[in-house]
Amino acid sequence: MTLAPTIRESLQTPEVLIDLDILQRNINELAGVVAARGQRLRPHAKTHKITQLAELQLAAGACGLTVATVGEAETFAEAGVQDLFIAYPLWVGKPMAPRIKALAGRTRLRVGADSVEGVLNLADWLGVEAGSLGVMIELDSGHHRSGTAPEGAAEIARAARTAGLRVDGLFTFPGHGYGPGAATGAVDDESRALSDAARDLRAAGFGDLELSGGSTPTAHALEPGVATEVRPGVYVFNDAQQLEMGHCGFADIALTVASTVVSRRPAPHGGGQVVLDAGTKVLGGDRPSWVSGFARILWSPEARVTALSEHHATVDFPEASRLPLQGEKLQVIPNHVCLVPNLVDAVTVVRREGADSGAGGAYRVVDRWTVAARGRNS
């Protein structure tokens, strides 16, 4: 049986912990898988928003970073990242235009678009500098959020070219791959959308296209599809959603929220209920219909977080199981890990040491990382 490491009494909870060894292993393993497929890896940094972590991803072979906002792009450009993709159909206005121009002047920049109106708006605001960045046409491959139908991509690409923009390729987010057993079908949908749109663009005179896809669930699919690059984000940490989809195990969870038992209700025959000092303001509140709780507990796979309020989590332990004591610290695995870094100013980086067959060892704090892009939502 794997025993839980000791969380030192000096640690004030709730506190976001990153296990550095697990983090590095997650980074290296997916980098190797993607490279073996002949694809490029462009991790989505919105998951972590941390410049030190981005450096680890780039050192492991990532070709650049994906970001969700101009503010995130600025943060990572300031940290020296030379290749950035804002994977979002931007609508540029007076406040944003000079920021886009400045970014394009200091880093290799690509931005998303999914309409003729969008590329014309981008070109109007950039003017003579329109060719300084690349445009990626977003496709809807089944998630039904943003993105054009594949058959509409060529018209958008032609409009972008006429307006003086450089069309670099196509991208899609197979978000409908989030769910048990859904990843393989989402990869097929992604490949079909990218293939169909790429065929039309090549017929219209566009060559050397980047075909960008992928998410953490689809990155684990057995077949890579036609994408030339993939953009997973969650894989660096993993979370309860990935756990329940079967894409990782408990030993692959790199980010948890250390929390203290503040209230306890034992059941007559073992188990019962405890309340922790961590709620939605540090864990987020996502709960897809197919997951078994609001979060999971590391080292206690039988437990379930059955309710969350702003500063408390209610955790049920089944009959005959050991119920943690008041003052005991547990590690909570959030359902959707991308929410967590944006809720804290910094994270505590730890390594496990002193573990042997008779003890779980202890966490040693090795660093403190600022969440540099926290709040950079525009």
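In this predicted model, Arg264 stands opposite Val274 in β11, and that pairing is a convenient place from which to begin a reading of the structure.

**Strand β11 and its two partners**

The strand that carries Arg264's partner, β11, spans residues 272–276, and four of its five residues are buried, so β11 is largely enclosed by the rest of the structure. On one side, strand β10, which covers residues 255–266, is joined to β11 by five bridges, and the two strands run antiparallel. The connection between them is a hairpin with five residues between β10 and β11, and Gly270, which lies in the turn, has a positive phi of about 95 degrees. Strand β11 also pairs with strand β14 (residues 313–317), again in the antiparallel sense and through five bridges. Within that second pairing, Gln273 has Asp316 of β14 as its bridge partner.

**The parallel sheet**

Elsewhere in the model, eight strands form an open sheet whose pairing is parallel, and their order is β2-β9-β8-β7-β6-β5-β4-β3. The edges of this sheet are β2 and β3, each of which pairs on one side only. Inside the sheet, β4 and strand β5 (residues 108–113) are paired in the parallel sense over five bridges, and one of the residue pairs involved is Phe85 with its bridge partner Arg110 in β5.

The loop between α1 (20–36) and β2 (40–41), which leads into one of the edge strands, contains Gly38. With a relative accessibility of 63%, Gly38 counts as exposed. Although Gly38 and Glu229 are 191 residues apart in sequence, their C-alpha atoms are 8.8 Å apart in space.

**Helix α3 and its surroundings**

Helix α3 covers residues 70–78, and eight of its nine residues are buried, so this helix is largely enclosed by the rest of the structure. The buried residues are Val70, Gly71, Glu72, Ala73, Glu74, Thr75, Phe76 and Ala77. What covers them includes the helices α2 (51–59) and α4 (97–106), together with the strands β3 (65–67) and β4 (83–89). After the helix comes Gly80, whose phi is positive and near 100 degrees.

How buried or exposed is Thr75, which is placed in helix α3? At 6% relative accessibility, Thr75 counts as buried, since the cut-off for that class is under 20%. Apart from its neighbours within four places in sequence, Thr75 is in contact with Thr51, Ala372, Ala373 and Arg376.

**Helix α6 and its surroundings**

In helix α6, which covers residues 153–162, the buried residues are Ala153, Ala154, Ile156, Ala157, Ala159 and Ala160. These buried residues pack against two helices, α5 (116–126) and α7 (183–203), and against two strands, β6 (134–139) and β7 (166–172). The helix is followed by Gly164, which has a positive phi near 95 degrees.

**Two helix contacts**

Two packed helices are described by the angle between their axes and the distance between the axes. The table sets out these values for two pairs in this model.

| Helix pair | Axes come within | Crossing angle |
|---|---|---|
| α3 and α4 | 11 Å | roughly 35 degrees |
| α5 and α6 | 9 Å | roughly 15 degrees |

The angle between α5 and α6 makes these two helices roughly parallel, and their crossing is right-handed. The contact is made by Val116, Val119 and Leu120 on the side of α5, and by Glu155, Ile156, Ala159 and Ala160 on the side of α6. By class, the contact of α5 with α6 has six nonpolar residues, no polar residues and one charged residue.

The crossing of α3 and α4, in turn, is left-handed. Which residues of α3 and α4 make the contact? From α3 there are Val70, Gly71, Ala73, Glu74, Ala77 and Glu78, and from α4 there are Arg99, Ile100, Leu103 and Arg106. The residues of the contact of α3 with α4 divide into five nonpolar, one polar and four charged.

Key:
Residues numbered from 1 in each chain as written. Predicted model: local features only at pLDDT ≥ 70, side-chain atom pairs only at ≥ 80, totals over all residues. Heavy atoms only, no water. Buried < 20%, exposed > 50% of the residue type's maximum accessible area, 1.4 Å probe, protein only. Pairing = 2+ DSSP bridges. Contact = heavy atoms within 4.5 Å. Axes fitted to C-alpha atoms, helices over the stretch in contact; angles between N-to-C directions. Parallel < 35°, antiparallel > 145°, perpendicular 65-115°, else oblique. Left-handed = near helix turned anticlockwise from the far one by under 90°. Nonpolar A, V, L, I, M, F, W, Y, C, P; charged D, E, K, R; others polar.
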